[in-house]
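Please look through the structure shown here with attention first to the ligand and its surroundings, and then to the backbone. The paragraphs that follow take these topics in that order.

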Amino acid sequence: MIGVPDRIRVHPSSLAGVVHVPGDKSLSHRALLVPARCGGPVTVRGLAAGADVRATAAALRALGVRVELEPDGVGMSGVVEGDLGAAGPGADGRPVAIDCGNSGTTLRLLAGLAAGAGRAVRLDGDASLRRRPVDRIAGPLTAAGALVAAREDRLPPLEVRPAGRPRGILWDAPVASAQIKSAVLLLGLGATDPTRVRAPAPSRDHTERLLRHAGLRVEGGPTADGGEDVVLHPGTPRLTTVDVARDPSAAAFWHVAAACGAGSVVTPDVCLNPGRTGALDVLRALGAAVDVGPTRDRTGEPTGAVTVAPGELGGAEVRGGLVVRALDELPVLALAGAVSRDGLEVREAAELRVKESDRVRGVVALLAAVGVTATELPDGFVVPGGQRPGGGRVRADGDHRIAMTAAVAGVIGTAPVEIDGAATIASSYPTFLTDLAALGGRVEAVDA
Ligand code: S3P
């Protein structure tokens with residue numbers, strides 16, 4: 001099956017084998033954005049080829065950066081060359097219109113990078129992105145001196161007009177969000193003095209690692225009281241090559257399917273940054289057989305092979321720091337909770353409500369559609385154990401992770417699952433269905 005049809009049916013199947021998932025989406029965005037500040041050519045390899053990362057590439061091109069990418073087998077590789085800090089579109093204060101598509105990371109990180117580089121932008125996106133809050137980044141940008149306007153003060157389109165060089169700020173983020181932290185740090189690259197971000201819990205530190213790798217002074221990290229405190233000293237990043245590790249959030253679909261009994265699956269070269277391994281910890285806590293091979297460094301990130309095999313699943317609770325470390329995988333982990341003996345409880349995860357869709361509501365609706373009972377909580381959900389998904393029909397609601405979770409429900413369930421709006425899978429994982437078929441899964445396109 002080529003591409004991702006909008007309506008698909010996934011049948012109960014056994015899976016086995018090795019799957020090379022795409023480059024990590026978070027890392028791919030950063031592998032484009034940071035080089036756009038370097039001035040010289042930067043070779044980038046192994047980027048995710050999904051629509052979200054393409055949106056970042058297109059945005060940088062609109063700002064005059066040379067971004068040349070070619071297919072490299074699984075994803076994209078090529079060259080980024082530009083100096084957003086120099087003259088170019090938006091530097092005269094007239095905002096450049098940029099379509100971020102479905103990608104919240106593009107919108108938030110680019111808002112910070114552009115403001116720090118003196119480029120005016122007007123950032124917009126699809127219906128899903130237009131429902132997601134931007135006030136969380138408008139705050140620090142305004143504090144640094146930029147002029148910021150958003151629809152109803154909190155929704156895209158977001159217009160950012162820098163007014164001279166930004167001030168170095170101390171920003172106390174109300175939630176642990178890597179997108180907020182990264183937007184503030186990328187803004188700080190061009191600031192007059194150091195920029196400091198504090199948060200109630202650590203979030204993925206890919207931006208800090210890449211900026212350090214690029215020779216910048218980035219201090220701090222997790223704090224003794226469970227929070228996070230990071231300081232960036234302004235400067236120009238220097239990079240020649242960025243190699244992107246494979247995506248643990250994409251691999252998680254196969255890991256959960258395996259843990260739920262589909263078979264044994266190996267995912268080589270995935271990013272094992274501790275900020276991203278929460279889903280593996282949840283699977284281990286449930287009792288799945290998780291094996292992590294030796295790690296090696298790839299542009300400042302630890303990577304290695306992960307093998308997951310079926311196990312006797314007990315029960316688990318996810319809250320606090322583990323929520324942030326397993327954030328994007330919580331929808332698919334709900335399936336492991338359903339087939340476990342004692343179930344899965346997820347709390348302190350209200351951030352799930354501002355993702356590509358309201359994922360608390362979305363995952364409970366998805367489970368109901370395939371005959372699994374779950375309870376929605378203001379800040380999470382509870383899935384009682386002892387339930388195998390049956391057949392059903394799920395609407396993806398513009399959310400790639402809900403669509404892929406529904407596909408896994410079809411694989412591990414007792415009857416086929418039909419998915420409407422499956423085309424959204426291409427925003428992060430365009431080769432998902434070919435990988436599913438290669439592992440032995442049965443999937444077909446359904447005529448509308
Ligand atoms: C991302 C951070 C996470 C995650 C998103 C990508 C990033 O969001 O959900 O898919 O690349 O920084 P938070 O901003 O909630 O950490």
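How far from an oxygen atom of the ligand does a polar side-chain atom of Arg 30 lie? In this predicted model, the separation is 2.6 Å, and a distance of 2.6 Å also separates an oxygen atom of the ligand from an N or O atom in the side chain of Ser 177. The backbone takes part as well, since a polar backbone atom of Gln 179 is 2.9 Å from an oxygen atom of the ligand. Of the 380 Å² of accessible area that the ligand has on its own, the protein covers 96%, and the place in which the ligand sits is the largest cavity.

Two elements, α1 (25-33) and α6 (178-188), each give two or more residues to the shell around the ligand. The residues around the ligand include Ser 26, Thr 105, Ala 178, Arg 204, Leu 327, Asp 328 and Lys 355, and by character the shell divides into two nonpolar, four polar and four charged residues. Viewed by domain, the shell draws at least three residues from domain 1 (7-23 + 245-445) and at least three from domain 2 (25-243).

Turning from the ligand to the backbone, the reader can find a cis peptide bond that joins Pro 156 and Pro 157, with omega at about 0 degrees; Pro 157 has its place in strand β9 (residues 155-161). In the loop between β8 (147-151) and β9 is Asp 153, a residue that has a positive phi of about 65 degrees although it is not a glycine.

Methods: Residues are numbered from 1 along each chain as its sequence is written. This is a predicted model: local features need pLDDT of at least 70, side-chain atom pairs count only at pLDDT 80 or more; totals for chains, interfaces and linings use all residues. Side-chain values use heavy atoms; hydrogens and water are left out. A residue is near a molecule or strand if one of its heavy atoms lies within 4 Å of it. A polar contact is a pair of N or O atoms within 3.5 Å; within protein, one must be able to donate a hydrogen and the other to accept it, and residues adjacent in sequence count only if both atoms are side-chain atoms. Accessible areas come from the Shrake-Rupley method with a 1.4 Å probe; for residues, only the protein chains shown count as cover. On a 1 Å grid over the protein atoms alone, a cavity is a set of points where a 1.4 Å probe fits but cannot get out, and a pocket is an open set with protein on both sides within 12 Å along at least five of seven lines; lining residues have an atom within 4 Å of a point. A molecule sits in a cavity or pocket if more than half of its atoms lie within 2 Å of its grid points. Helices (H or I, at least four residues) and strands (E, at least two) are DSSP runs, numbered from the N terminus. Ala, Val, Leu, Ile, Met, Phe, Trp, Tyr, Cys and Pro count as nonpolar, Asp, Glu, Lys and Arg as charged, and the others, Gly among them, as polar. Domain bounds come from an automatic or database domain assignment.
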